[in-house]
Amino acid sequence: MMKISTTIFTAMSLVLAGMASTAAAGDHSYGPYPAYYSEECGSCHVPYPPQRMTQAGWEIQIKGLKQHFGTDASIDAPASQKILAYLVNNAGVKEKLAPTEATARITRTHWFVKEHGTVPPKGKAFSDCTQCHTQAAQGDYSERSLKTPAGWRRGS
Ligand code: HEC
Ligand code: HEC
C-alpha cells in the first residue's frame, strides 16, 4: 500500500513538473518593461528582453552607449545606472545567453543563432525583432504573435 501511494505521488509530481516547464517554455513573455527602459532603449529599436542576454553583455552595451553601433545613444549617469541595474537584475545566466562578439549583439548569442540562423529576411536585420515578433515592443515573443515574412525561412 505504502509503495503504491509513493509511486502515484511520484508520477503526479512528474506530471506537474512537466506542465510547469512546458508553460514556461511556450510563454516567452518578457514584458511589460518599465517605462524608463522602453523609453530610453526602445526608441530606435524595440527594447530587447533583458532575460535573453547575460550581465556581461548588458554591461558592454551600457558602457558603449556613446558609440553605439554608429550612433550616440548616451544618457546621463543616473539614468544609465538605473537601466543597467534593471538589465543586470533580469539578465540570463546560461552560457547560451552570453555574447559571442565584443559588440555584444543579442542577435549573435548562441541561443539566437540556433533559433534564427544567420540569414535575416532580404534587406533587413534581425535586430528589428518586430518583423516577425509582431508584439516585440511589449516583450511578447510567444508563438501566437509570431508572423514571419513571406519567403523567409530560418536558415543556418
Ligand atoms: C539613437 C538610437 C538608439 C538608441 C537610443 C539605442 N539604440 Fe541600441 N541600437 C541602435 C542601432 C542603430 C543598433 C544597430 C542595429 C543594427 O545593426 O541592425 C542598435 C543595436 C543594439 C543592440 C544589438 C542588436 C543586435 O543586432 O543584436 C543592443 C543589444 C542594443 N542596441 C541595446 C540598446 C540599449 C540597452 C539601449 C538603451 C540604453 C539602446 N540600445 C538604445 C540604436 C539605438
Ligand atoms: C525574420 C524573423 C525573425 C526575427 C527578425 C526575429 N525572430 Fe525571434 N524567432 C523567429 C522564429 C521563426 C522563431 C522560432 C519559433 C519556433 O521555433 O517555435 C523565433 C524564436 C524566438 C524566441 C523563442 C526562443 C526559444 O527559446 O524558444 C525568442 C525569445 C525570440 N525569437 C526573440 C527574438 C528577438 C529578441 C529578436 C530581435 C533581436 C528576434 N527574435 C527576431 C523569427 C524571428
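Here are some short exercises, each with a worked solution, on the predicted model above.

**Exercise 1. Getting your bearings**

Find how many helices and strands the protein has, and what pattern they follow along the sequence.

*Solution.* Start by counting: the protein has 5 helices and 0 strands. Reading along the sequence then gives the pattern α-α-α-α-α. Next, look at burial: of the 156 residues in the protein, 17% are buried. Finally, turn to contacts between residues at least 6 apart in sequence: 60% of these join residues at least 24 apart.

**Exercise 2. Backbone features between H1 and H2**

Work out which peptide bond is cis and where Pro 32 sits, then look at the phi of His 28.

*Solution.* Begin with the background: most residues other than glycine have a negative phi, and most peptide bonds are trans. Now check omega: the bond joining Gly 31 and Pro 32 is cis, with omega about -5 degrees. Pro 32 lies in the loop between helix H1 (2-27) and helix H2 (35-41).

Stay in that loop for the next step, since His 28 is also placed between H1 and H2. His 28 is not a glycine, yet its phi is positive, at about 50 degrees. To judge its exposure, count neighbours: His 28 has 18 C-beta neighbours inside 10 Å, so it counts as partly exposed.

**Exercise 3. Phe 69 and ligand 1**

Is Phe 69 buried or exposed, and which residues come nearest to ligand 1?

*Solution.* First locate the residue: Phe 69 is in the loop between helix H3 (55-63) and helix H4 (77-90). Its phi is near 50 degrees, a positive value in a residue other than glycine. Then count: 12 other C-beta atoms lie within 10 Å of Phe 69, and because 12 or fewer means exposed, Phe 69 is exposed.

Now move to the ligand. There are 18 residues around ligand 1, and the nearest are Cys 41, Cys 44, Phe 69, Arg 105 and Thr 107. By type, this shell divides into 9 nonpolar, 7 polar and 2 charged residues. As a last step, compare sequence with space: Phe 69 and Arg 105 are 36 residues apart along the chain, while their C-alpha atoms are separated by 9.8 Å.

**Exercise 4. How H3 packs on H4**

Find the angle and axis distance for H3 and H4, then list which residues make the contact.

*Solution.* Two packed helices are described by the angle between their axes and the distance between the axes. For H3 and H4, the angle is about 165 degrees and the axes are 9 Å apart. Since angles over 145 degrees count as roughly antiparallel, H3 is roughly antiparallel to H4. The crossing of H3 past H4 is right-handed.

On the H3 side, the contact is made by Gln 55, Trp 58 and Ile 62, and on the H4 side by Ser 80, Ile 83, Leu 84, Leu 87 and Val 88. Sorted by type, the residues of this contact are 6 nonpolar, 2 polar and no charged.

**Exercise 5. Thr 109, between H4 and H5**

Is Thr 109 buried or exposed, and which residues is it in contact with?

*Solution.* Thr 109 belongs to the loop between H4 and H5. With 24 other C-beta atoms within 10 Å, Thr 109 is buried, because the cut-off for buried is 20 or more. Setting aside neighbours within four places in sequence, Thr 109 is in contact with Met 53, Lys 96, Leu 97, Ala 98, Pro 99 and Thr 100. Thr 54 is 55 residues away from Thr 109 in sequence, and 9.6 Å away from C-alpha to C-alpha.

**Exercise 6. Ligand 2, His 116 and Arg 144**

Find which residues are closest to ligand 2, then place His 116 and Arg 144.

*Solution.* Ligand 2 is surrounded by 22 residues, the closest being Glu 115, Cys 129, Gln 131, Cys 132 and Tyr 141. That shell holds 11 nonpolar, 7 polar and 4 charged residues.

His 116 is in helix H5 and, with 15 C-beta neighbours inside 10 Å, counts as partly exposed. Not counting residues up to four places away in sequence, His 116 touches Phe 126 and Arg 154. The C-alpha atoms of His 116 and Arg 154 are separated by 5.5 Å, with their positions 38 residues apart along the chain.

Arg 144 comes in the segment after helix H5 (110-116). It is exposed, with 11 other C-beta atoms within 10 Å. Arg 144 and His 133 are 11 residues apart in sequence and 9.1 Å apart from C-alpha to C-alpha.

Terms used:
Residues are numbered from 1 along each chain as its sequence is written. Chains are lettered from A and ligands numbered from 1 in the order in which they are written. This is a predicted model: local features need pLDDT of at least 70, side-chain atom pairs count only at pLDDT 80 or more; totals for chains, interfaces and linings use all residues. Helices (H or I, at least four residues) and strands (E, at least two) are DSSP runs, numbered from the N terminus. A residue is near a molecule or strand if its C-beta atom, placed from the backbone, lies within 6 Å of it. Ala, Val, Leu, Ile, Met, Phe, Trp, Tyr, Cys and Pro count as nonpolar, Asp, Glu, Lys and Arg as charged, and the others, Gly among them, as polar. Axes are lines fitted to C-alpha atoms, for helices over the stretch in contact, and angles run from 0 to 180 degrees between N-to-C directions. Angles under 35 degrees count as roughly parallel, over 145 as roughly antiparallel, 65 to 115 as roughly perpendicular and the rest as oblique. A crossing is left-handed if the near helix is turned anticlockwise from the far one by less than a right angle, and right-handed if clockwise. Two residues are in contact if their C-beta atoms, placed from the backbone, lie within 7 Å.
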